[in-house]
Amino acid sequence: MQDYREAARLDALHQLKLLDTPPSESFDRITRMAAQIFDLPFAAVSLTDRDRQWFKSRVGIAHTGIPRHKAPCSQVAVSCGAVVIEDFATDPYYADSLLAENGTRFYAGAPLVTSDGHGLGALCVLGAEPRAVTASELSALTDLAAMVMAQIELQHAFGRIDPISGLATRAQFRDDLVDLARDRPGEARIAVVADLARDDQVARIIGAMGPARLDEMIREASLAIQGALGAERTIYHVGTTQFAFLSSPGATVDAYLPMLEQAFERVRANSSARFVTSVAIGVRPFQLGAVTAEDVLRGAASAAQAARRVDGGIGLYSSKRDAMMRRHYRLLQDFGAALEAEDQLRLVYQPRMDLRTGACLGAETLLRWRHPVFGEVSPAEFIPIIEQTSLARPATQWVLDRALDQLAQWQAMGLDLMLSINISAANLMEVDLVQRIQLALLARQLRPELLEIELTESAMMEQPERALAMLREIAGAGIALAIDDFGTGHSSLAYLQQVPAQVVKVDQTFVRRLNAVSDADYVLVETMVGLIHKLGRRVVVEGVETDHAAALLADMGCEQAQGYWFARPLEACDFIAWIAQRKAMAA
Ligand code: C2E
Ligand code: MG
Ligand code: MG
């Protein structure tokens, strides 16, 4: 019993995370008052650790702690009562203590007791002369000890209660989960994160109504959630509009989901913000102690993110999706370093063929990344991730510089080839894009028409007006333009007609369907080709994998093609060898 109490006491002390923290004036002030009231040179706020007394605050004392053995503060902590030693020299127990050896004759200590009844240590005064204590002195010391405790608990609460919602914070969630895992390791629980609004909705509310309105909505929501889940459930406010809680033990996902759905329907029905926000709920079953608090929250939050498409949608955590999201995050984090490393990024070149003559006209530049841990990562995976960020600019610049170096080298070798590079929607927002391309061409004395910029139809449609202005600027500089992945975006013909592209690249998906000899698919591609021609553009078909497709497309009047049938994307040296081999064969 004694051992258990001491363990709980130490636990309470350690949870406060007060040991070995720097001195603080708010404690020192109280310690000084204690010394003054007793008119003594020494006073301390002394915390009783496993085998030491550690001084959070001290007056007249040089060291930061003493061993616990025969320290009267330890007796104060364990008994939770005041201890007075009027004269160490005559005290049967403390006469041979370390304090006595060092000349201490007098001690008075009042207990520091938590609201849960754990004694943490003592506020104590010490003297070099024997002395008596009056009742009023002892009561003042007890009051000051209570002030020390209020200070400790205030500091501890700080950061644990959200000032807006009044709910426990993420820090509290972490601590509570650690406690639960210690008490009931292995027990199955379900963590839920409810995200009450999308980032853009939050931004719009603040923009239109001011931050006070958002605070008000958060307060309203926290009350509603508490009401829907019952007062005994602890709800944590873990992000601006995100709330988390744990299921009771033994809850199964199947039984829990309908309950959640109903609870949040009630929350939504009474919400004053229901028309300007949408709720997403993430559910992550886990075992106490098997997953860190951070991972529990992250997993539930990412499940909520995945459920975002539907208002009130509930997403169940999937370890596969979680692994993918983490991989994406890792790729994003590592791409900057890849741009600076010598050996991670490289360009490959896929030949672009004239379908009528069979000649190679040039190549499309495609980026490759050999990640130090993941190995080869496809641009289809990493480009969509990085192009949403500020990395889009240095990435495109990297490609542009290397591609034009290559082009200059081919020119010097007497190879009259053109080269295309792919750019991202974000690049269109760079006001100096055209200037940078022009400078890069100029530095290598390359004619602008040798370079072609490919931009996907869907990238154009992200900001159609801005895209059009930039594309006109590119065309105005004499640089060739191609609309990539045509047929997969949602552009209108009226828009396409305005885009100054000479070339439209029909997306692979249509070409692949040609192989499945169906009339409808044939007609679809033929119609697209006819349309592009009517708009006065040349057609490049991508993804030609068979001679059958190549022949069909040539018959339809497609001018150019790329695809595995002609060549896969090739390393620079292989590309040269490939060209040479074809020349030799033709000769
Ligand atoms: P994209 O621009 O449409 O490039 C064509 C993709 O189709 C390339 O994939 C190419 O390897 C692949 N491909 C070519 N012929 C065939 C074929 O016959 N069959 C099949 N199944 N596939 C074929 P890759 O290299 O994986 O690139 C994927 C996408 O990543 C590119 O699509 C492009 O949108 C993007 N990308 C690649 N490099 C860059 C870059 O430097 N910058 C930007 N912004 N995007 C890039
Ligand atoms: Mg392309
Ligand atoms: Mg394409």
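Start by selecting E542: this residue is buried, at 7% relative accessible area. Keep in mind as you click around that this is a predicted model.

**Stop 1: the magnesium ion (ligand 3)**

With E542 still highlighted, bring up the magnesium ion (ligand 3) and add D484 and D485. Those three residues are its protein donors, through OD atoms of D484 and D485 and an OE atom of E542, at 2.0 to 2.4 Å. If you like to read sites off the sequence, the spacing along the chain is D-D-x56-E. Two of these donors come from distant parts of the chain: D484 belongs to strand β18 (residues 480-486), while E542 is in the loop between β20 (538-541) and α20 (547-556), and 58 residues separate them. Color D484 by accessibility and you'll find it buried too, at 5%.

**Stop 2: across to the magnesium ion (ligand 2)**

Stay on D484 and look for the second metal. The magnesium ion (ligand 2) sits 4.1 Å from the magnesium ion (ligand 3), and D484 bridges the two. Now select the protein donors of the magnesium ion (ligand 2): E364 (OE), N422 (OD1), E454 (OE) and D484 (OD), found 2.0 to 2.2 Å from the ion. Their pattern in sequence reads E-x57-N-x31-E-x29-D. Show the cartoon for strand β14 (residues 360-371), where E364 lies, and strand β17 (residues 451-456), home of E454; the two donors are 90 residues apart in sequence, so this pair ties together separate parts of the chain. Is E364 buried or exposed? It counts as buried, at 4% relative accessibility. E454 is buried as well, with a value of 1%.

**Stop 3: ligand 1**

Next, select ligand 1 and the residues around it. There are 24 of them, and those that come nearest are R368, D484, Q508, E545 and Y564. You've met D484 already, as a donor to the magnesium ion (ligand 3). Try a few distances from the ligand's oxygen atoms:

- To the side chain of R368, an oxygen of ligand 1 is 2.9 Å from an N or O atom.
- To the side chain of D485, an oxygen of ligand 1 is 3.1 Å from an N or O atom.
- To the backbone of Y564, an oxygen of ligand 1 is 2.8 Å from a polar atom.

D485 is worth a second look here, since its OD is also among the donors of the magnesium ion (ligand 3).

**Stop 4: the cysteines C360 and C573**

Time to hunt for disulfides. How many does a search of the whole structure find? Zero. Select C360 and look for the nearest cysteine sulfur: it belongs to C573 and is 16 Å away, with C360 in no disulfide. Approached from the other end, C573 is in no disulfide either, and its nearest cysteine sulfur is that of C360. Switch on the surface to compare their settings: C360 is buried, at 18% relative accessible area, whereas C573 is exposed, at 55%.

**Stop 5: strand β8**

Select residues 188-195, which make up strand β8. Seven of its eight residues are buried, so the strand is largely enclosed by the rest of the structure. Add strand β11 (residues 280-287): eight bridges join it to β8, and the two run antiparallel. For a landmark on that pairing, find D195, which stands opposite A280 in β11. Then add strand β10 (residues 242-246), also antiparallel to β8 and joined to it by five bridges. Here the pair to pick out is V193 with its bridge partner A244 in β10.

**Stop 6: Q53**

Jump to Q53, in strand β2 (residues 52-59). This glutamine counts as buried, at 1% relative accessibility. Its side chain makes a polar contact of 2.6 Å with the side chain of S46, and another of 2.9 Å with the side chain of T48. Leaving aside neighbours within four places in sequence, the contacts of Q53 also include T64, I66, R68 and C73.

**Stop 7: E137**

Finish at E137, in helix α5 (residues 135-157). At 12% relative accessibility, E137 counts as buried. Draw a distance from its side chain to the backbone nitrogen of T134, and a polar atom of that side chain is 3.0 Å away. With neighbours within four places in sequence set aside, E137 is in contact with I37, F38, R131 and A132.

How values were computed: Residues are numbered from 1 along each chain as its sequence is written. Chains are lettered from A and ligands numbered from 1 in the order in which they are written. This is a predicted model: local features need pLDDT of at least 70, side-chain atom pairs count only at pLDDT 80 or more; totals for chains, interfaces and linings use all residues. Side-chain values use heavy atoms; hydrogens and water are left out. A disulfide is a pair of cysteine sulfur atoms within 2.5 Å. Buried means under 20% relative accessible area, exposed over 50%, partly exposed in between (1.4 Å probe, protein chains only). Donors are N, O and S atoms within 2.8 Å of the metal (3.2 Å for Na, K and Ca); water is not among the atoms, so sites may look incomplete. Helices (H or I, at least four residues) and strands (E, at least two) are DSSP runs, numbered from the N terminus. A polar contact is a pair of N or O atoms within 3.5 Å; within protein, one must be able to donate a hydrogen and the other to accept it, and residues adjacent in sequence count only if both atoms are side-chain atoms. Contact means heavy atoms within 4.5 Å. Two strands pair if DSSP finds at least two bridges between them. A residue is near a molecule or strand if one of its heavy atoms lies within 4 Å of it.
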